[in-house]
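Here are my comments on the model you sent, set out as numbered points. Please read them with the structure open beside you.

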Amino acid sequence: MAQVLTKSSLEQLTKLPLPWQTSTPASLVALERFPTGRAWLEISRQNLRHNAQLLQALLPAGCRLMPVLKADAYGHGALAVAQEMQQLGYRAFCVASAKEGVELRQAGIEGEILVLGYTHPELAPLLWGYQLSQTVVDFDYGLALAQFGQPLKVHLKIDTGMHRLGLCADQLPQICELLRCQNLQVEGMFSHFCVSESLEAAQNAYTLQQIESFRGLVEQLSQAGHSIPKLHLQSSYGIFTYPQLHCDYARAGIALYGMLSTEADTLQWGGQLRPVLSLKARVALTRSLQPGESAGYGLSFTAAEQMRVAVLSIGYADGLPRSLSHGRGSVLLHGRHAPILGPVCMDQTLVDVSHIPEAAQHDIAVLIGQDQGAEISACQLATASDTITNEILSRLGRRLEHVLL
Ligand SMILES: *Cc1c(COP(=O)(O)O)cnc(C)c1O
């Protein structure tokens, strides 16, 4: 998990003790303790709390947010987000893989940790040892988990129309059989919406049908004498579009981080959310290009007139999409947009600062976030690189340093 600092300034970054200045043997000091100030994320705990409170307020009493911490909390740092949510009183979390769950447990996160995705049944001792709750992805998988000699905590996933994971809502006998397994401790049952981003007639009808089949199943199970502790349906979009469902949890991912998947949806539903993350990188140097000089791999950019170029110490290995190359994206320097010039490289990116005479070595460029009243949102980055915010955020690289504000 990414190393987290508590102060943002370069001063704080450089004040950290070097290995020979601490009593800890150098071999035991993690390299990540020594940030380089090259490229980093700033995480606003205040905005995270704001989003959690805003989402929680949309839900009926009795329904609690279940923060989704998969993919290192969509790039924000799973441990830091989990700790903040724990402070707000949240006691149930989702991850995508057992390994993500183990990392949180080892770092001291308590309460329920639900693994939303597949885990090989041979890893049952790990699930059991770390008290993770595993999603039962279908009937055979449930039987395989039940082969383990100890009771495993599980949530049953029900396919109500997405046709990805889950037992079908009409597999009542199989679901009852799993509920009778001694070694499955069924703590919850859930389904996932696939078109809850829209309330247009066709999509709305589809989602209502999903809700109806889930409700129908709960009813049938209750008639068969089974009551399941925790029921959950919504993820971020569902919290906005179907807030009144009476569930126990709502699995909040992208909205918790301050946006929805696209710019348009964020405007439509999430106008009150606040982005939690900013992405910044240092200017390694500036240089000029004479008319006719080319720059970067493939010499694919040639200056028509004299220009100034800044070299940023961030690249696609840090999660900056390569599809922003050749001016499709820009960064902020001194509150102004500096277009990306040529192709984004693995560790570095060239930007045009001809119109920003103040731009200089060691300056801080903002790739996502605000700078002197200007802003580049993750939504805009997603639009410019033809993807969704979830992908932009979750691919932010582990090489980035994290600064908690
Ligand atoms: C990722 C995921 C979520 C969270 O989705 P968001 O749209 O980011 O809120 C919820 N449920 C499941 C099953 C998921 O895989």
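1. The model is a predicted one, and the points below should be read with that in mind. I begin with helix H2, turn to its neighbour H4, and then take up the aromatic pairs and the largest pocket.

2. Helix H2 covers residues 45–58, which is 14 residues, and from its first C-alpha to its last it reaches 20 Å, close to the 20 Å expected at 1.5 Å a residue. Its buried residues are Asn47, Leu48, His50, Asn51, Ala52, Leu54, Leu55 and Gln56, and the partners against which the buried residues of H2 pack are two strands, E3 (64–67) and E11 (249–252), together with two helices, H4 (78–87) and H10 (236–241).

3. Helix H4, one of those partners of H2, is itself mostly covered, with seven of its ten residues buried. The buried residues of H4 include the alanines Ala78, Ala80 and Ala82, and they also include Val81, Glu84, Met85 and Gln86. Just after H4 comes glycine 89, where the backbone takes a positive phi of about 100°.

4. The model holds four aromatic pairs. One of them joins tyrosine 118 and tyrosine 141, whose ring centres are 5.8 Å apart and whose planes make an angle of 50°, so that the pair counts as tilted, between the limits of 30 and 60 degrees. Tyrosine 118 sits in the loop between strand E5 (112–115) and helix H6 (124–129), whereas tyrosine 141 belongs to helix H7 (residues 139–146), and the pair therefore ties together parts that are 23 residues apart in sequence.

5. Is each partner in this tyrosine pair buried or exposed? Tyrosine 118 has a relative accessibility of 51% and so counts as exposed, the cut-off for that class being over 50%. Tyrosine 141, at 6% relative accessibility, counts as buried.

6. The largest pocket holds about 750 Å³ of space and is lined by 31 residues, with Lys70, Tyr74, His192, Ser235 and Asn390 lying nearest its centre. Helix H3 (70–74), H10, E11 and helix H13 (389–394) are the elements that give two or more residues to this lining, and the largest share, three residues, comes from H3. By class, the lining of the largest pocket is made up of 15 nonpolar, ten polar and six charged residues.

7. One link between these points deserves a look on screen: H10 and E11 are among the elements that the buried residues of H2 pack against, and H10 and E11 also each give two or more residues to the lining of the largest pocket.

Methods:
Residues are numbered from 1 along each chain as its sequence is written. This is a predicted model: local features need pLDDT of at least 70, side-chain atom pairs count only at pLDDT 80 or more; totals for chains, interfaces and linings use all residues. Side-chain values use heavy atoms; hydrogens and water are left out. Helices (H or I, at least four residues) and strands (E, at least two) are DSSP runs, numbered from the N terminus. The expected span of a helix is 1.5 Å times one less than its number of residues. Buried means under 20% relative accessible area, exposed over 50%, partly exposed in between (1.4 Å probe, protein chains only). Contact means heavy atoms within 4.5 Å. Rings of Phe, Tyr and Trp (its six-membered ring) pair if their centres lie within 6.5 Å; planes under 30 degrees apart count as stacked, over 60 as edge-to-face and the rest as tilted. On a 1 Å grid over the protein atoms alone, a cavity is a set of points where a 1.4 Å probe fits but cannot get out, and a pocket is an open set with protein on both sides within 12 Å along at least five of seven lines; lining residues have an atom within 4 Å of a point. Grid points are joined across faces, edges and corners, and a volume is the space filled by probe spheres set on the points. Ala, Val, Leu, Ile, Met, Phe, Trp, Tyr, Cys and Pro count as nonpolar, Asp, Glu, Lys and Arg as charged, and the others, Gly among them, as polar.
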